[in-house]
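Let's take a walk around a binding site, starting with the ligand and moving outwards to the walls that surround it.

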Amino acid sequence: MNAETGVACMLRYDLHCHSTHSDGLLAPSELVRRAAQRGVDVLALTDHDEVSGLAEARAHARELGLRLIDGVEISVTWSNLTLHVLGLRVDPECAVLRDGLATIRVGRTGRARRIGDALAAAGVHEAYEGARRYVTSERLISRTHFARFLVDAGHAREMKDVFRRFLVPGKPGHVAHDWARLPDAIDWIHAAGGQAVLAHPGRYKLSATGLRELLAEFRDAGGDGIEVLSPSHSGAQVAEFARKARTFGLLASAGSDYHGAGESYVDLGDMPPLPAGLTPVWQSW
Ligand code: AMP
Ligand code: MN
Ligand code: MN
Ligand code: MN
């Protein structure tokens, strides 16, 4: 609160985005600069299964007067579904976290080869080699790199089109994969001193019962919060997840999930304020 004007100083938070260290289009330094230009005060870089971009982001954030939060987005398998769990304020040097993430990244390489084989069986040849050309960190390959290859090779019109026609359950190029276990991901984040936040809960296509089961299990495993504000959520879902956060006693987070121009619905920092009556994940920061 500003003592003279009585106006609350609202900081702009964006606690979810990706750099070239996973499947984003901007280098950490470029991402941080764009965030600062767009008026973001507090930014978490949350690359998939990777913390190697944080040092560069931190160095540039300091120069720009932006507060950088060390983050990560961990891929998890729960009940035959892939979930994403954000770690916020993690220590990127924590060996437990680093070892867990390294195991997931190794799994990604084997999975990518299987995706290549599955696409070849559907008549799309040399997709693994093609996707490799879009990789921006030797340490990590994702479906996004396959998607960029498939668009540029003329197999799909745009990224959204790829994820309708390829790489998803029931479509060419989908392969089953085992990611980390939910309790392990939460434990790694806590071992690294961070908070565990369930990313974009609206993305998982769960029934009402399935969602309650997930949130109960997530909370009982020590999960700290859920991402209420996400471009993956409709207005109704924002209201729904705000209610769930209150019911389950979970903190609330907000993130743009920015990957780069032309690949994201929402730009860095472009989110409304959190709904009332929630405890923000940053309350104690
Ligand atoms: P992976 O972690 O390798 O399974 O890749 C998942 C990534 O694919 C997500 O983090 C998104 O960046 C991207 N993705 C998934 N679904 C879509 C979609 N419908 N449109 C655009 N990108 C998507
Ligand atoms: Mn991604
Ligand atoms: Mn995600
Ligand atoms: Mn993400």
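In this predicted model, ligand 1 takes up the space of the largest pocket. Two helices, α3 and α5, each give two or more residues to the shell around the ligand. That shell is made up of Asp23, His48, Arg108, Arg111, Ser142, Arg143, Thr144, Phe163 and His259. Sorted by class, the shell around ligand 1 holds four charged residues, four polar ones and one nonpolar one.

Which side chains have a polar atom close to an oxygen of the ligand? Here are three polar contacts from the model.

| Side chain | Partner | Distance |
|---|---|---|
| His48, polar atom | oxygen atom of ligand 1 | 2.9 Å |
| Arg143, polar atom | oxygen atom of ligand 1 | 2.8 Å |
| His259, N or O atom | oxygen atom of ligand 1 | 2.9 Å |

On its own, ligand 1 would expose 500 Å², and the protein buries 80% of that area.

Now for the pocket itself. The largest pocket has a volume of about 1800 Å³. Its lining counts 45 residues, and those closest to the pocket centre are His84, Arg143, Phe163, Val168 and Arg203. Arg143 and Phe163 also belong to the residues around ligand 1.

Where does the lining come from? Strands β3 (67-78) and β4 (81-88), together with helices α3 (95-121), α5 (143-152) and α6 (159-165), each supply at least two of its residues. The largest share, four residues, is that of α6. By class, the lining of this pocket comprises 18 polar, 14 nonpolar and 13 charged residues.

Note on methods: Residues are numbered from 1 along each chain as its sequence is written. Chains are lettered from A and ligands numbered from 1 in the order in which they are written. This is a predicted model: local features need pLDDT of at least 70, side-chain atom pairs count only at pLDDT 80 or more; totals for chains, interfaces and linings use all residues. Side-chain values use heavy atoms; hydrogens and water are left out. On a 1 Å grid over the protein atoms alone, a cavity is a set of points where a 1.4 Å probe fits but cannot get out, and a pocket is an open set with protein on both sides within 12 Å along at least five of seven lines; lining residues have an atom within 4 Å of a point. Grid points are joined across faces, edges and corners, and a volume is the space filled by probe spheres set on the points. Ala, Val, Leu, Ile, Met, Phe, Trp, Tyr, Cys and Pro count as nonpolar, Asp, Glu, Lys and Arg as charged, and the others, Gly among them, as polar. A residue is near a molecule or strand if one of its heavy atoms lies within 4 Å of it. A polar contact is a pair of N or O atoms within 3.5 Å; within protein, one must be able to donate a hydrogen and the other to accept it, and residues adjacent in sequence count only if both atoms are side-chain atoms. Accessible areas come from the Shrake-Rupley method with a 1.4 Å probe; for residues, only the protein chains shown count as cover. A molecule sits in a cavity or pocket if more than half of its atoms lie within 2 Å of its grid points.
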